[in-house]
Structures are given as C-alpha cells and as structure tokens.
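Thanks for coming. I have one model to go through, and I will take it place by place.

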Amino acid sequence: MDASELQPITHFLQDRVPFDSLDEAALTRCCQALTIGYYSKASSHVPLDPDNPQLYIVRSGAFEVRDKNGELLDRLGEGDYFGFPSLLSGEEASNRVAILEDGLVYHLPPEIFDFFRQQSREFDRFFNRAFAKRLRNQGRFKAKDLTTTSRITSLMSKSPLSIDMKASVADASKLMRSARVSSVLVIDNNKLVGILTDRDLRNRVLAENLDGSLPVHQAMTTTPVSIEPNALVFEAMLMMSEHNVHHLPVVDNGVATGVVTSTDILRGQSSQPLLLIGEIERQNDLPSLIQVSKQIPLLLQNLISADARAEEIGRVLTSVTDALTRRLIVLNQQVLGKAPMAFCWLAFGSQGRQDQAACSDQDNGLLLAHEPDDSAKGYFEALSKAVCKGLDECGYIYCPGDIMAQNPKWRMSLEQWKLVFDKWVNTPEPKALMHASIFFDMRSIYGPQSLFDGLQDTVLSSTKGNDIFLAGLTGNSLTSAPPLGFFRKFVLERDGSEVKGIDLKHKGSALINDIARVYALSAGIKEVNTAKRIRALMEQNIINRKDALNLADAHEFIAHMRLSNQEYQHTHSLPITNYLLPHNVSSLIRHQLRDAFKVVHDGQVGLKLKMMRSY
Amino acid sequence: MDVQTLTYLIVGLTFALYIGIAIWSRAGSTKEFYVAGGGVHPVMNGMATAADWMSAASFISLAGIVSFVGYDGSVYLMGWTGGYVLLALCMAPYLRKFGKFTVPDFIGDRYYSQAARTVAVFCAIFICFTYIAGQMRGVGVVFSRFLEVEVETGVYIGMGVVFFYAVLGGMKGITYTQVAQYCVLIFAFMVPAIFISVMMTGHILPQIGFGAELVDAAGNGTGEFLLDKLDGLSKELGFAQYTEGSKSTIDMFFITGALMFGTAGLPHVIVRFFTVPKVKDARVSAGWTLVFIAIMFTTIPALAAFSRVNMIETINGPESKGVAYETAPEWIKNWEKTGLIKWDDKNQDGKIYYANGPESEMKIDRDIIVLATPEIANLPAWVIALVAAGGLAAALSTSAGLLLVISTSVSHDLLKKNFMPDISDKKELMFARIAAAAGIVMAGYFGINPPGFVAAVVAIAFGLAASSLFPAIIMGIFSKTMNKEGAISGMVIGLLFTASYIVYFKFVNPTANVADNWLFGVSPEGIGLFGMMINFAVAFGVSRVTKAVPQDVVEMVESIRFPKGSGAAHDH
Amino acid sequence: MRHFYLKTRLQIKAALCKQEEIAEYYQALIPLIAKPVADIPLMAFDLEMTGLDSQFDQILSIGLIPITAGVLEVAKAKHLLVKIVGSVGNSATIHGIVDQQLAKAVSAKQAMDWFLTQTKGHVLVAHHAPLDLCFLKVEMIRSYHQSLAFVAIDTMAIERKRLLRKHDVIKEGTLRLDACRQRYNLPVYAGHNASVDALACGELLLAQMASIAGNEKLNLADLLG
C-alpha cells in the first residue's frame, strides 16, 4: 500500500531523533513494519516477550523503567524509547516497564532496527548512548567520573574568535593576542573552513620564513576535526588524542558555535570535587582560597550537566564547603595560636543536611568544651569572625538570620547549648520552633567527635518520644502545604499580577526535610541528611517501606527539578530562583511533579496522624 | 420569617462561619501569624477548651435535669466543675512535663508496658464511645424539633452531619473554629436566659434573677420569690420540693465524685493542655476556661428554675387546673411531633394537665428544656433558631474531639503499634476514618436507644473514666512504687466492675434500677467512684506482691514531680 | 447467551445462503463468536464515500487494518481506491480524493470481492459502523444480488453507552472519532483518509477495551450493541 496513506505515523517518526536521520524510503519501510499496541494501567507492566524483542516507541501515555530491585531508571513519555537494551545486547530484558498512564506504543521489529543501525551511524550512536545512559542510571549510587559523562557545552568557550579566510596571518595573530587565546576559527561565508592555531603559526609561517601578509587560508589547518555540542567531554578527549590536536571547533549544523581546548578540559577536570578539595587544602591564604572557590559554580554546572543525582550534587557541594570551612579554621588558628580548649564548628540547615545548592548562605555555630573565660571568649570571637568573613568572601554570604558562629549567641559551651536545646524541646513555642528547626539539622565540621556526640546524644534523648515537642514541630511544618489544589492542579504563587510559579524549595524540598526531621527526632536517629534519615527510618520500620521509598523518590525528583530549572534560568539569563513555571516543562514532567507533590501531601497527612493525632 | 426558615438560616450562617475560619486559618500563612502574635492567646485557648469541654450534655440536658429534679441535679454542676479544677491543678502540669500527647501513651510509658498501653487504649475508646452516644442524642433532639421529625430521624441526620464535620470537613481541631463555636453556644445560651430573667424578675443577670422577687407584666414586684414559688408549685403538684433533694447523701456524694474524677480522666480534655507550649500558659488558659465554663454553669440553675415555673404555668394555667388542648400553646404541638412531649387525656376533659403521679397527662422529656424554653416564654423566633445553632455547636465541637481520639487510638495505638507495624500511612488514615465512622454508627445506636437522658449517658462515661484511667494516671504521677502489674489489673477490674454494674441496671434489668437494689445505695451514675476505689485497692494489692518498678522509671517519676537540672526552672 | 444467538443466526444464514463465497464468509465467522475478544482477529476499517446517502452515493476508498491479539498490524494495513460512476464532485473537499487518482482504482464489484477476501475470518470494527455497513450492503446487493449480515463492533456505540452511563446528555460532536480519542488521550491525527481513520478507530477500540475491562477478559457480546 501507499505509505502516504498513514501520514500520522510517518510524521510522528520523522520528527523524532534519531528517526529524523533516516531518509524517506527508510521511514516508509519503518511504517510498514510497525505494529501498534495499547497499554493500560490495569495491567501495571508492559509484557516484554523475551522471544520477540522489539523497539518500543512511546506514542502517548507515560511509562517508567525500573530494574529488578524496583530502582527507578528512567521515566518515559511521548517520543521516548524502551526495549533497545535487549536489542543491542541480545540479552533478555531484566528491567520492567511500568505503566503510569494508558498509552499507545509502536513496536518496531528487530530486523528493521538492525537494518537502520547499519544504514545510519547517527541512529546507531543514539541508541548506543541511550543504552550507556541507562547503564549509568542503573549504577547511579556509585560515584561517577565526571569527565566521561559531562558534556562539551559545559566547558567550551562560547562566542568563539573567528576570522575571514582572506585575512592575513598578521591580523589573525593580533586578534589572538588581544583575545589571549591560542586559536582562531577561519570562516568563509559563515561556514567553518579551517582553524589557525599557535602551532600552525609556528610550523607553517615562522618556520617556513613566510611573512605576516600571508592569507590565513594558506596557513590554517583545513577541514579541522570538529565535534558536536552534545558530545561528551570524554569523546572530545578521545578525538584530541586520536588526531593529536589541542583545539576542537564545536559545530552545530555546520555553524561553529565554540571551541574546546585541552586546557578547557583540564580546567573542567580540576572542578571535579576531589581535585577541588585537594586544591583547597593546599592553599595557604584567604586570597587564594577565594580564587579557588570561584570554581564552585563551575563544579555545580558540571555536576548538573553530568546528570548527577540532586542528592549527590548536594553532598558534593557540601563537602567542598566543609573543606573550605576547615581550611579557614586551620589557617586562622595559625595566626591566632592554639585554641584554649577543645571546640567544634557546627554546621546547621542545608550545610548540616548536606544539601547545599547554588548561592547558599552560611548557618553555623561554635560548640565549646566548657564555659570560656574572658581570654577564651576573645580568642573564639576572633576565630569565628575571621572564618565567617572568609566564608562570606568565598561566596557563602552572611546568614540573614544571623545564625553564625560570629554571633556570640551561637558561640556557647556544651552546657549552654544543652540548655538552649532543652528549652526548645520542653517549651515548644511555635515561633521559637520555627527558627529552631534548622538547629536540629546539625553536623560537626571541625573538632573532636566526642564533644559533638555529647551534645547530639543529649538532644536526641530529649526529643525521642517527646510527643508534645514533636506535635509542636509537626504543627509548624504543616503550616505550608505542597502547591496542589483541587483536582491536582498546580497552585502558582503570585506576586501581585506577576506569576512566580511553583516554589520548589519551600513547598517541596523543605517540606520533605521537615517530615524526615520530625520522624528522625522522634526515633533519636543521628543522621541529618534527609535521604539518609529516610533510609534509616525505613530500616527501623518507623516509616512503611513503600512510603519511605516514595518520599525519597519525591525528594530526589523535586530537588532535581529545582536544579535543572535553575540551569534553565541560567542558560536563559533569567534570575536564579526556586520558582518553576509549569508550562516550561513537558507534560510528563508535570505529571511526575504532581505525583511527587502528592507524595509530599501524603507524607504530611501521615505525620499529622502520627504526631498530632489528627487528620 | 417562621422559626424553621430562621433556624436554617442561622445554623447555615454559623456553619459558614466555622468553614470560613477553617479556610482562612489554613490559607493565611500561620507562620506569619506566629511571628506577629507569638502563639495562641491564653484567653482564646481558654474559649476553645471550654467549647471542647461543654458538650451537648451541658448545653441541652443539664438545665433540663436541674429543672426537673431540682437540687439533686446540681451534682452534675459540682462534679464537672470540681473535676476540671482537679485536672487543671493536680494533673495537667505533670502530664505536660512527661511529654506525652495522649493518656494511653503516658500510661504505656509510665508502666513500661505495651499491655498497659493497650488496656488504656481500650478504656479510652470505651469512654469516648459512651460520651459520643450522649452527643448524638443531643444532636438528634435539636434536629428533630427544627426539622419537625421524629427524634430517631433527627439522630440519623445528626450522625451524617457529625461524620461530615469530623472526618471530611477538616474544620476540627482548629482553635479559632472552636473559639467561634464557644461564642455561638454561649450567646445562644445566655440570650434566652437574659430575656426570661428580665421578663420574670426584672434583672438582667439571670444569676441575680434566680434569687430575686418575681415581677408582674407591668414590672411591679409581687413580693414572691422565684424559688419559693417553685417550691410551692412543686409541692402542689406532688413533686419533691425543688430546693430539697430526694437522693440519699451517699448517692449524691458518689455521683459527684464519679463526675469529678471522671472529668479529670477524660482523654480528650487532657489533650488540650498540651497544645500550649508552656506549662504556665496551660495553667492560665485553664483558668480562663474555668471562667468561660462558669458563665454558663452559673446560669443553668436560674434558667432551670425560670423554665420550670414558666412551663408549669403555661400547661396548667393560672388556676393550676390545666388548659384546654385546643388553646394550648403552639410549642406543645410542635414538640409533640418529635415524640418528646406526649399528651394522654386520661380524664377525657380535653385539657392538658401536668403533675407528679397518675393524674398527670403529660410526658415531657427533660432534654427539651433548654431548646423549648424560648418558645415557652414566647421569645422572638430568632432566639429559638439561635438556640438550635448553639446546641449544634456544643455537640459538634465535642464530638469532633472525641472522634479523633477514638479513630487515632484505633489506627495508631491498636493497629500500628500492636497488630500491623508495617502499615502504610494511607492505610492508617483509612482505618482511622473507618473507626470514626464505626464510632458514629454505634453512638447513633445508643442515641436512638438511650440508656438515660443525655446528661445521664454522659455521666456514665465519666464513671468509666473515673474507675479506669484516673487512678492509673494519679498513681503514675504520685506513686513511685506502682508497677505495671498493679496498674493493669486495677484498670481492668475497675472498668469491668463499673461497666457491669451499669449494664446490669441500665440494660439487663432496668426495672431493678431502684435505690433498694443498689450496692450501698449508690446509683449507676455514681458507681464510678466505687470502681475507682476498687481500682486503687487492687492496684496497690497487686503491686505489693509483684516485681518492683525498674530504677529508671522511678527516676522518671521523680523527675516529673521534682524538676532538677533542666526544664522550666532554667528558663532564661 | 448473546453469542449463542449470534452463532445460531450466522449458522442459519450460512445454511440458507446459495452463494459459496458468502456462505464461506459466514462459516469463517462462526467459530470466532464464542472466543474472548483478545483472541478474535479483528479488522478495523473505514470507507470514504461521495456522500452520506447509501442509495445515491458511492464508495470511493476502503482502508483496512487488522488487529491481532490486541496489536494493530500496520504492516498489514491495506488501502483500496474504488471506481465510481461520474465525478467525485464537491465531496473531494472532504476526503481529498480527486478524479485523477481514481484512474488506477478498481471497479465496485472487484472492490467487494477484495473486501470479502480481506475481511474473511475477521470481526469488523468501525466508528459509526451502521453507516459504513449500509454502503457495503447496498454494494453487496448490486454486486452479488444478496445482502450480507456483517458482524461489526461499533466504537461509537461503545462510547455512547459509556457516556450515557456517566451523564445522560450527550452533546453534539462528543461522539465524533476525534472527540472520542481525545477522551482517552490518544494523539490527534491530522489529515483524514480511509487508512488513517481505520487506524484511528482501531486505536480507539484498544483504548476502550482497556478502560472497560482492564485486565479482565472481554467477550464479543460485551462490545456488540
């Protein structure tokens, strides 16, 4: 039959990567080989026939890929694929595809799939990469090597230097000197025709005794090896070593959009957390620490583009902050002399919970082994002021609520701290509790663990089973609710007439932090990181396993949305906020976000039931 | 506008008010409120507690009991008020310090035993069921009159409304909703009382009018005092003299005691003390609560006397010979529809006549006194409607609190902590709602087949509380040597004894329910105190012969009573 | 009971039928009737006509797509243009078929032969089936001088029943194929011809079956009338 008769299918496929790389004849062939299935939520999973592996193309609906252990690997919506791992590996599918929303799925038989892989390199590469990504997700709890997974776009210099091919090499050299770069792209009619590097100037001009009036096109490297913006850093490294070059033009549809150099890649690697932390520990003064800390935003960027889990990103960023704080304490002690008594530097709030993100402020305090005399007071005042100032200059702004070690109120002996916590616990006034909740997420950054344990154990033993305190804390945390209205519609926050969007932090992540905190305090759990708290609660059977997994998933998802939304805001030069506009994301994401908020809501209801005896 | 339309209007308006407050306090950021005001004011909290505590029984039935039985009815007033003082002063601060939110949690921890917790849960559930049954009857009476249906139908409607309110409405537990409910109910109670007081004695305050001279229509004093007149009327019609009691002193004593200790052991009132952060605030708001309760309780005897006089005069006419049924006032016919007033023209003279003894032709349910008073006194229609709204407010606020105790006790204390530790939040919530629904259905059954009048049913709940939970709490606080074996056996035996005594006289063999058959002359309403004594005795006996209390529990008890090292003493 | 009646009716029709092809057509259907729908070979089809009156208007094209074991087999989809007497006239604006295209078309008689061979042993599926069946029956009489009792599932009738169960008033347009599909979140298909509509109708049926029965087995009788 005439393929044009079934245009809706061809139209759909030809807009999809990688099917867009196929020619019309191949597409027609594809359409003629398809079968279409409809999968309904009633049967929870897509039955994957091991004897008949196929490529599944989602036409409508929403699906979820989970591994044998129920770990979520991928969420799929319109235009996504599944079933390809077994087609590529030839192994029986071990993952399960759950059906979230009823939908139509196209099935492509393996012969056609293999045929296309032979026909089109892009087609082949697309599915190989998707397979690799799937494998990566499978091991998402393992540490990731950023170099291999982050993308070129995060490293390359945007708005590259370029010059017309008829210009002289002298002009090119001047241009390169003024821009302080080692290469320039050579352009003819907006098309990239070559690249001129320091090495070309040396080898093809100076060594040949030619003068500066030589046209660029005679000295340049013609048709240079180039790379596409979506390629992985790893691939760029491979290409450079393969072709023995140090500069790779980044080309998007024939237009040069940037250049990536081996130096860029090296710099990118240096913003790997371990290297960064190592570098922090090598610095000997504040100015150089400030310099090093400028790499932190880049690290965040890299982590996001490497598709790292939000929880990991928070932990990595926090470990950098911890290292910076420790280094500042050590450096200042070199100036001030040895401390007159043992002390701990405490981190509260997001640093305590290890979920710092972009532009965090500092929340910290000082725990002293015993009551200080006047000289000790002076010493610790000087120390904490210097450290807080250092942190501020490194980009961790002063806490607007003044919860900082430099505030004498939060620089106390163990006994005093115990009394302060005792007051919060035994006189849980809503106002005081609201401010105090971040103190319950505390972690020692520096100092003897035994001293910190002395405080934490006392606090936890007083909160454990203290129903009145827990009810007060719960009451406080329930004053905000997730932004879902009737019929699960998003409730957008407004500022006058301006729609600000969904507050992912205060109406999402913070609420889950609250829930985890109340349960953890009720059970005397020492963890402060929200994901770890939830895991511990699940293991002690305080939260039901299913509820706990849902809560952990929702926490990760909302945090991830917040990060990727901030990345979106960053790339679109919008102010960085916690507000997400739902229409900026796909319907699948909206669906998942709704699910996540529903989980938060259910978590709040459960907490209220258990802690306040109300619903 | 007629009474019915006005009732719909006013009941509707008050409901809209409660819902409005619920929405407002949810939508408006409570956090900002805290920052500005620093918590709920003790006066507000006092009002809310008063609304929680003043049930349909106090609103609807108490004046009825006092009105009909006179002096004897005052035991309820004394018992309830005394119990509240006991609770506020002797128990709440210690419980508050212990850091437990519910009575079963306290008992479970203090007696280091899951079994003790479970027994306490059963006691609490049992008490709450009984208490709600009284509320349902009250709601039924209100609905039956104003929708002009049989009282059974009224109870069915009431069950629906209470269920919606407590389980689905999401309005309960919000302090400001309860403040509004207190305002509605106290307004509804005071307006008719003041009206009648002015009409009959010329005094605005009913409390003063109670002891004052009666005035005639023109406002001139008649020289006759209200209580004298009532005594005269009572004697004339063959009732016991109003200001003299007919109950034996021992029975009076026991009933008062049961009510008092029962109040102190009621689980849903204790919770209220924990919603304020500081022990001091808890005491202050308890004081205010007492004030707000006193406003109503001091009015009750006056209202009872006024309506008694009014009622007898309207039914029997100025000559006390009865009036013709055709000319009888409208309210008699209205209340006949509900089945709560019955007229049996025994001497076939076509006249209605009310008295004590076989010649009486009227059967009047005591529960209608407060509701019918505005009609009897010919007060404007809106007052009548207001009283309906007040009755509902009283019933709703109390039932919602009780249902929460029942449903969360079943879902959390029984299922989650005992039988299904792995239950998910969703299931827990579902079981809580099912428990609430079951509670209402059972309460509805007892509301339709009441073992007594509203206040009497509630009194039974108090008796059960006094005989089971109260001793366990008191010994938990004040005795270092009381162990789990003692406490559990005390609770079980106290509850069983009291419950069987009540069931025997109220259900199994109601005809035997006369003073001659009672144990030491103590009525089922008062047996709770006896049960309490048994509880104490058993508990001490058992604890002497069983294992001693572990040392850490001894220390815990000491730290509750004598603050040392930490806590409120170190506020700074 | 319903399938028993249907089966008997088909058996009688087959017995009474004089023409071999038609009798075979019935015979092929009979064993299917009692099976669960999932096991019955189905054939979604759609006709394009010059108009809506089966007495005067003619069939222009036929689109077929088989559904086997709950899967639409696009690979086996078929499309056929049919010669007509006269010109397509103004109706071209609706179906997009112009006279020139009909040059390679087959005659009505050939088309009916083709249709019977293709759909033999299949239960038909169409949206607003009565209209299409009416045209087919008229054409059967013209070509074979005998009508044929087609067995067809009508997705529109299924939808009407489902909507009536929910709310009583059905507004105009709510039963159109596109409107029905939207209710199941099925994609919107631009461009209409017999093939696309047959595909659209087949997908709709799968969605309807999933929402009616979920995981349960569905019988043919549940879907007919």
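Which residues does D345(B) touch, if we leave out those up to four places away in sequence? This is a predicted model, so keep that in mind throughout. The answer is G350(B) and E361(B).

Let me stay with D345(B) for a moment. D345(B) sits in a loop of chain B, with β4 (341-343) before the loop and β5 (351-352) after the loop. Is it buried, exposed or partly exposed? There are 13 C-beta neighbours inside 10 Å, and D345(B) therefore counts as partly exposed; the buried class would need 20 or more. One distance for those who like distances: from the C-alpha atom of D345(B) to that of S360(B) is 9.0 Å, and these two residues are 15 apart along the chain.

Still in chain B, we move to a helix pair. Helix α7 (residues 114-146) packs with helix α17 (residues 381-419), both of chain B. Their axes are 8 Å apart, and the angle is about 155°. Angles over 145 degrees count as roughly antiparallel, and therefore that is the label for α7(B) and α17(B). As for handedness, α7(B) and α17(B) cross in the left-handed sense. Sorted by class, the residues in the contact between α7(B) and α17(B) are 19 nonpolar, eight polar and two charged.

Next, the contact between chains A and C. How many residues does each chain put in? Chain A gives 22 residues and chain C gives 27 residues. On the chain A side, the elements that supply two or more residues are α1 (7-14), α2 (24-33) and β1 (35-39). The largest share on that side is four residues, and β1(A) supplies them. The chain A side splits by class into eleven nonpolar, seven polar and four charged residues.

β1(A) also takes part in strand pairing across the two chains. Three bridges connect β1(A) with β3 (residues 71-73) of chain C, and the two strands run antiparallel. Within that pairing, I36(A) has L72(C) as its bridge partner.

Last item: a sheet inside chain A. Which strands make up this open sheet, and in what order? The sheet has three strands, ordered β19-β20-β21, and the pairing is antiparallel. β19 (493-495) and β21 (579-580) are the edge strands, each pairing on one side only. Between β19(A) and β20 (residues 498-503) of chain A there are three bridges. In this pairing E493(A) lies opposite G501(A) of β20(A).

That is the tour. I will take questions now.

Terms used
Residues are numbered from 1 along each chain as its sequence is written. Chains are lettered from A and ligands numbered from 1 in the order in which they are written. This is a predicted model: local features need pLDDT of at least 70, side-chain atom pairs count only at pLDDT 80 or more; totals for chains, interfaces and linings use all residues. Two residues are in contact if their C-beta atoms, placed from the backbone, lie within 7 Å. Ala, Val, Leu, Ile, Met, Phe, Trp, Tyr, Cys and Pro count as nonpolar, Asp, Glu, Lys and Arg as charged, and the others, Gly among them, as polar. Two strands pair if DSSP finds at least two bridges between them. Axes are lines fitted to C-alpha atoms, for helices over the stretch in contact, and angles run from 0 to 180 degrees between N-to-C directions. Angles under 35 degrees count as roughly parallel, over 145 as roughly antiparallel, 65 to 115 as roughly perpendicular and the rest as oblique. A crossing is left-handed if the near helix is turned anticlockwise from the far one by less than a right angle, and right-handed if clockwise. A residue is buried if 20 or more other C-beta atoms lie within 10 Å of its own, exposed if 12 or fewer, and partly exposed in between; C-beta atoms are placed from the backbone.
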